[in-house]
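Trainee: Got a minute to look at a model with me? I'd like to talk through a strand and some ring contacts.

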Amino acid sequence: MPNTNETLRDALVAARRDKALIEMSEQPVPASFLEGLDVQAQIARRLGQAEAGWKVAIAEGGLPVAGLMPGPWLAPGDVYDGAIGAELRVEIEIALRLAKDVPMRPGQPYSRAELLGHCDKAYLGIEIVESRLANWQGVPFALWLADALGHGGYFLGPELDMKVLDDLTGLGCFISLNGVTIYDQPAVHGNGDPMTPFLAWANRKDELMGGLRAGQIVTTGSLCGGVLAPGKGEVVTKLSPLGTVSLTLR
């Protein structure tokens with residue numbers, strides 16, 4: 001008989017293959033954050049997903065976590081097709097491209113400067129959060145981890161100067177849907193420094209998800225929270241005054 005984590009894995013594999021939703025309340029919850037990461041890794045293997053990149057975060061208690069971003073990357077002007085009935089949220093982020101591998105290094109943690117030295121490009125990135133879980137508000141975090149932190153897709157926008165990571169002062173986040181402003185606030189990262197979750201993940205103690213490798217994209221977390229799109233249509237996102245990404249939600 002399958003255990004609860006296997007049941008959850010199989011349900012999420014089917015939901016991602018079918019681009020469908022499953023009821024959150026009917027799903028077993030992994031017993032720990034690490035078990036949630038392990039379920040996510042199993043799902044990725046079952047689906048044959050590429051380790052194209054990672055969305056990084058810090059969980060309650062300080063545990064570094066990540067969600068796989070399998071790509072392919074969407075370009076400005078592209079269309080994101082959501083599942084019927086799915087809630088879509090838009091996040092404005094800063095992404096980094098790894099120029100060389102970042103192997104785990106127990107007992108010798110990477111510094112911020114050293115980790116940045118492993119990256120060669122920064123981008124304006126727009127993540128679309130689309131969970132496979134219906135009615136996922138209040139989701140237990142271990143279950144959210146199993147669902148790859150709700151990752152749906154990622155638009156890779158214009159290149160940015162990597163120095164933008166040093167100071168967000170004066171930057172603004174703007175989002176409109178079909179010409180109507182739905183968000184317009186200063187850029188703020190939940191950890192203060194956008195590099196904090198990336199650095200925490202680079203210095204993680206457990207390897208469940210796969211390594212940080214040259215060519216991967218690492219997105220450092222939202223500068224505007226998760227902005228709910230109240231409908232579908234034409235979206236304009238701006239990290240003012242640095243760049244704009246337009247896209248369509250369908």
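Mentor: Sure, we'll take the strand and its partners, then the aromatic pairs and the charges over rings. This is a predicted model, where local features need pLDDT of at least 70, side-chain atom pairs count only at pLDDT 80 or more, and totals for chains, interfaces and linings use all residues. Residues are numbered from 1 along each chain as its sequence is written, and side-chain values use heavy atoms, with hydrogens and water left out.

Trainee: How many residues of strand β9 are buried?

Mentor: In β9, residues 172–177, 6 of 6 are buried. Buried means under 20% relative accessible area, exposed over 50%, and partly exposed in between, with a 1.4 Å probe and protein chains only. Strands are DSSP runs of E, at least two residues, and helices are runs of H or I, at least four, numbered from the N terminus.

Trainee: And which way do the side chains go?

Mentor: In a regular strand the side chains alternate between the two faces of the sheet. Here G172, F174 and S176 point one way, while C173, I175 and L177 point the other.

Trainee: Which strands does β9 pair with?

Mentor: β9 pairs in the antiparallel sense with β10 (residues 180–186), over 6 bridges, and with β13 (residues 233–240), also antiparallel and over 6 bridges. Pairing requires at least two DSSP bridges between the strands. I175 has Y183 of β10 as its bridge partner, and C173 stands opposite L239 in β13.

Trainee: What's between β9 and β10?

Mentor: They form a hairpin with 2 residues between them, and N178 in the turn has a positive phi of about 55°.

Trainee: New topic: how many aromatic pairs are there?

Mentor: The search of the whole structure finds 3. Rings of Phe, Tyr and Trp (its six-membered ring) pair if their centres lie within 6.5 Å; planes under 30 degrees apart count as stacked, over 60 as edge-to-face and the rest as tilted. One of the pairs is F33 with F141, edge-to-face because their planes are at 70°, with centres 5.2 Å apart. F33 is in helix α2 and F141 in helix α4, 108 residues apart.

Trainee: Is F33 buried or partly exposed?

Mentor: F33 is partly exposed, at 22% relative accessibility, and F141 is partly exposed at 29%.

Trainee: Which charges sit over rings?

Mentor: The charged end of R105 is over the ring of Y110, 3.9 Å from its centre. Back in β9, F174 has K238 over its face, 5.2 Å from the ring centre. The test is NZ of Lys or CZ of Arg within 6 Å of the ring centre and within 35 degrees of the ring normal.
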